[in-house]
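Q: Could we go through the contacts between the chains of this model? I would like to begin with symmetry and then turn to the interfaces.

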Protein chains: 4
Amino acid sequence: MTKPSSEIIFLGHCPDRVGLDARITGFFADELFNILDLSQHSERGRFFIRIEGSEEGSPQSIQTWTEKFFPIARELDMAYSFHDPLERLRVVMFCSKTLPCPLEVLSRWLSGEMRIDLRAVVSNHLAIEPIIRKLDLPFYHTPTTGDASLFEPMQIRIIEQHSPDLIVLARYMKILSPHFLGEVRTPIINIHHSFLPSFIGNDPYEQAYRRGVKLIGATAHFVTCDLDEGPIIHQDVVRIGHQFSVPDMKQVGADIEKQVLASALRKFTERKIIQWEGRTVVFH
Amino acid sequence: MTKPSSEIIFLGHCPDRVGLDARITGFFADELFNILDLSQHSERGRFFIRIEGSEEGSPQSIQTWTEKFFPIARELDMAYSFHDPLERLRVVMFCSKTLPCPLEVLSRWLSGEMRIDLRAVVSNHLAIEPIIRKLDLPFYHTPTTGDASLFEPMQIRIIEQHSPDLIVLARYMKILSPHFLGEVRTPIINIHHSFLPSFIGNDPYEQAYRRGVKLIGATAHFVTCDLDEGPIIHQDVVRIGHQFSVPDMKQVGADIEKQVLASALRKFTERKIIQWEGRTVVFH
Amino acid sequence: MTKPSSEIIFLGHCPDRVGLDARITGFFADELFNILDLSQHSERGRFFIRIEGSEEGSPQSIQTWTEKFFPIARELDMAYSFHDPLERLRVVMFCSKTLPCPLEVLSRWLSGEMRIDLRAVVSNHLAIEPIIRKLDLPFYHTPTTGDASLFEPMQIRIIEQHSPDLIVLARYMKILSPHFLGEVRTPIINIHHSFLPSFIGNDPYEQAYRRGVKLIGATAHFVTCDLDEGPIIHQDVVRIGHQFSVPDMKQVGADIEKQVLASALRKFTERKIIQWEGRTVVFH
Amino acid sequence: MTKPSSEIIFLGHCPDRVGLDARITGFFADELFNILDLSQHSERGRFFIRIEGSEEGSPQSIQTWTEKFFPIARELDMAYSFHDPLERLRVVMFCSKTLPCPLEVLSRWLSGEMRIDLRAVVSNHLAIEPIIRKLDLPFYHTPTTGDASLFEPMQIRIIEQHSPDLIVLARYMKILSPHFLGEVRTPIINIHHSFLPSFIGNDPYEQAYRRGVKLIGATAHFVTCDLDEGPIIHQDVVRIGHQFSVPDMKQVGADIEKQVLASALRKFTERKIIQWEGRTVVFH
């Protein structure tokens, strides 16, 4: 968990070999950095590490930390980043007609519960517009009829304009094209209304009803070109009974979608996620 | 669950004896009412029943149903009520400085997820005022310094003016006086930030930290004159680890409070709760 | 839940129409039967009911109840049954090499936690034999090499000899043939080591690892000729993290399999399950 | 999780200061030890660490590792231990009349699911004796009538004879005296049939029924002289409804007790628990 007293978070991954922890923590010791939480995990030849702690020496900027660590990273062939745990992440949210998930993100932004700074809302539907406008947030209506080349350029310009750290698809019911994903290099988190890989595709609740499952779920994942196949960040389920009609399932499904999306966003803002080869490492 | 096709909900409880189901369902059969869901439970000599279904004959008003059933209720010494499942309940919300729970109620009102009609927000703090005003909802600031006789009369007048079906205390950090509870006969639901009866009173998270518990919870209950002792409606918990500081616990605690409060409100709006002797019957 | 004071359980289902509850509960009232729990649910034109209560008049046998109700059932085109909640169900268990699930069934039989009377264990493997023999239970080793016609006749004879009320496949790693299912009319409950319909087939944990899911589950279902497609009785999941190797997942998977199988058995022994058109109604 | 390839587990805790990770992991790097999992956490001035990995150099015994690390531990004022993850822990189980928990431990020992080696069963009741004898395990009947000085000396001798690594109180319904706890230095894990600190003492289910709680739980904790106040290892809950009588609650309570006890035992056998000042650090 993010401690109020923590001043720096470090994330890194590289090929595994003996002595990596000593090499990395030795660097931090030399810089008089007190490690309050360290999680390291290796699997199938890859080494993943997250460090959180406080500067006991004179404070240094994220950029200074990044530059000082560079020689070690080059030596270890390591992808790495330093973060300020107090920084609020710039977020652009995409949504459609379904309101619970977008309102969940709005609510957590308004309450300050999460370190996000909501910059703009993009929607192919007008349902949420009045609320967004009342809250004095930029709202962009980009109807998604016709070919993607007709509306994606505008969406890409909106993103360029707001330069978010994260894009959240809060039940945005339109698939992003490979072109879009190629242009936009920002991480994108989507909430899928089923417990993937069950019930891929449309109408998961109707499928779940017919199959008579006893739990329905939701999945938050990073968006990649493989539709419904991006690296899973978080999942959860809720128990249902025989008496649940499809509309009932949608209602409790919306609850679990909101919780799963919020948990994934929190993990992201806490810098606890590393993506690697179609899977995620999500630190506790 | 509330079916779109359901037209009437019936709730009742009375002393148990042989033949009650036959007597009650016979009445509905005579009225050409098709029972789609019936739950009946007896314990310690008390009979509880909930019926949901659709009128196959000509539609009758809630008032007509209520009057027609009256002779049977008198015969059985039964407390009962009829409800329209599509009706939105008028709600007045009380809150203080903590925003997640009030924003959860707001969010579910805005999304239409729940059959509530939020009429007004009362707070002894100004934190939520700007959001409430932007949403064009009546906001009442009733500072709660000094004796209850200085501010409760105003709160009581606000309630009289809006005549709610339900009052929600969404982390309202002030105890309602016996006088207030005597004057206001509306049901009041409170969310308590612990898994009652653990950690009654202030600072439950600090208590939980010291005791080293591995789960923290929340409890939604009806408010009675017994502080923290009203009939429990819903409870849930979330797992924590040794690495959770007290602020971390407050953060995940806020999540579970929101979920528990929302579930309790849904059960209330679905007319699934009967109070009896300090406990609740909550139908599935 | 099964009350110690309950003396009779009634289960039934038939085409829905107005007045069914009145017709059925009228019968029980005439017999001076006090209904302590009644759950009734209708969907898509089918009516399902479960009644539990106590005889206030002179006690009657299950057979008498069954005969007395017959005219009503014929009139309503209803499938129905009466049960004694104190009766222990005769069970034959099939297993293979994996021990946790079979030992869970054994343990619940030994402790008396469940109303089952374990009569025999059939296995295509010898792993469990020593334990079964020490407990003085009949053990049958039926190797399943070669064609089903070589070993299923023996299995069918074992079942005929013990005439179970229920067959439990406690991680029995062999598919039962349509011939077997045609001959053996006893209900069969299987535990599947995934959250169906995810990861149907072999090696679900390896599939789950590769997909990077964050929950793994188990499914208890009735066995039908559609492999892995029988009506689902119960499901549950357990949270896993990136640090779980496939053997780790098997270990926690075994825990959740045991819990799910035990819950399904309890629901079955409590007479809370009705099968209908590929789904189950599982009463609370 | 314990990896099959892991050869050594290291646990330690000491006063926190800058550079501890570097000092400790430097030692392992010098010994050509590859760290596969490292979890480190500091709070309130105390540093906790767990390391799991494999020897890339020539294998060394636990004793050699322990001796080599000693100078560092002395320098850091550190309590520490090395463990072989494949070692089975010697366990003595205490139980009374209630069978589900003791049978759960038996079942997990028989299945090999957990690295425990059950050496003996001690009971103040004869209920479990026939099963224990059939399984060829030593069974000791120590009636606990009268003063503790009449039966605890015999229990202490049994423990001395079997020299367990762990004592499990699997619903042993008798409080161990301070004298016993002073003599027996082996860790003792108890399962308590409530979600502590709720419903301390006798009859937690009756208390839970009266209070109308919606969840019941269980707590596994280390035994100390403070009755029901030892450091909590694991807790979990299960949802109940209004229809649950006290016997129903006992039945589902037994399920959750078994799960919680088993989880605590697994954490202990995986060497994931450090006790410190009335709390536990339980690594993931």
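The exchange below covers how the chains are related and what their interfaces contain.

Q: Before we start, what kind of model is this?
A: It is a predicted model.

Q: How does chain B relate to chain D?
A: A turn of 180 degrees, with a shift of 0.0 Å along the axis, lays chain B on chain D with an RMSD of 0.0 Å. That is the relation of a two-fold axis.

Q: Which residue of chain B comes closest to the rotation axis?
A: B:Ser198, whose C-alpha is at 2.4 Å from the axis. The two copies use the same surface, since 100% of the contact residues of chain B recur in chain D.

Q: How many residues take part in that contact?
A: Chain B gives 34 residues and chain D gives 34 residues.

Q: And what area do they bury between them?
A: About 3,300 Å², with 50% of it on carbon and sulfur atoms. On the chain B side, the residues that lose the most area to chain D are B:Arg211, B:His242 and B:Arg279, together 24% of what that side buries.

Q: Why quote an area at all?
A: Because the size of an interface is often given as the accessible area lost when the parts come together.

Q: How many salt bridges are there between chain B and chain D?
A: The count is four salt bridges. One pairs the side chains of B:Glu229 and D:Arg211, at 3.1 Å from N to O. D:Arg211 is the chain D partner in that salt bridge, while B:Arg211 is among the residues of chain B that lose the most area to chain D.

Q: What about polar contacts between chain B and chain D?
A: There are 21 residue pairs in polar contact, both residues being at pLDDT 80 or more.

Q: Which elements of chain B give two or more residues to that side?
A: They are β2 (33-43), α7 (204-211), β11 (232-239) and β13 (279-282) of chain B. The element that gives the most is β11(B), with seven residues. By type, the residues on that side divide into 13 nonpolar, ten polar and eleven charged.

Q: Now the other pair. How can chain A be laid on chain C?
A: By a turn of 180 degrees and a shift of 0.0 Å along the axis, with an RMSD of 0.0 Å. In chain A, the C-alpha nearest the axis belongs to A:Ser198, 2.5 Å from it.

Q: Why say that these copies meet through the same surface?
A: Because 100% of the interface residues of chain A are also interface residues in chain C. The contact takes 35 residues from chain A and 35 residues from chain C.

Q: How much area is buried there, and which residues supply it?
A: Chain A and chain C bury about 3,200 Å², and carbon and sulfur atoms give 50% of that area. A:Arg211, A:His242 and A:Arg279 supply 24% of the area that chain A buries against chain C, more than any other three residues.

Q: What are the polar features of that interface?
A: Four salt bridges are counted between chain A and chain C. In one of them A:Asp236 is joined to C:Arg239, the closest N and O atoms being 3.5 Å apart. The interface also has 22 residue pairs in polar contact (both at pLDDT 80 or more).

Q: Which element gives the largest share of the chain A side?
A: β11(A), with seven residues. The residues of that side divide into 14 nonpolar, ten polar and eleven charged.

Q: Changing topic, where does UniProt place the ACT domain in chain A?
A: The unreviewed UniProt entry places it at residues 9-90. That span of chain A is 32% helix and 43% strand, and its end C-alpha atoms lie 18 Å apart.

Technical notes: Residues numbered from 1 in each chain as written. Chains lettered and ligands numbered in written order. Predicted model: local features only at pLDDT ≥ 70, side-chain atom pairs only at ≥ 80, totals over all residues. Heavy atoms only, no water. Least-squares fit on C-alpha atoms with pLDDT ≥ 70 in both. Contact = heavy atoms within 4.5 Å. Buried area = accessible area lost by both parts, 1.4 Å probe. Polar contact = N/O pair within 3.5 Å; in protein donor to acceptor, adjacent residues only side chain to side chain. Helix = DSSP H or I, 4+ residues; strand = E, 2+ residues; numbered from the N terminus. Nonpolar A, V, L, I, M, F, W, Y, C, P; charged D, E, K, R; others polar. UniProt positions renumbered as here; feature names shortened; annotations may be inferred.
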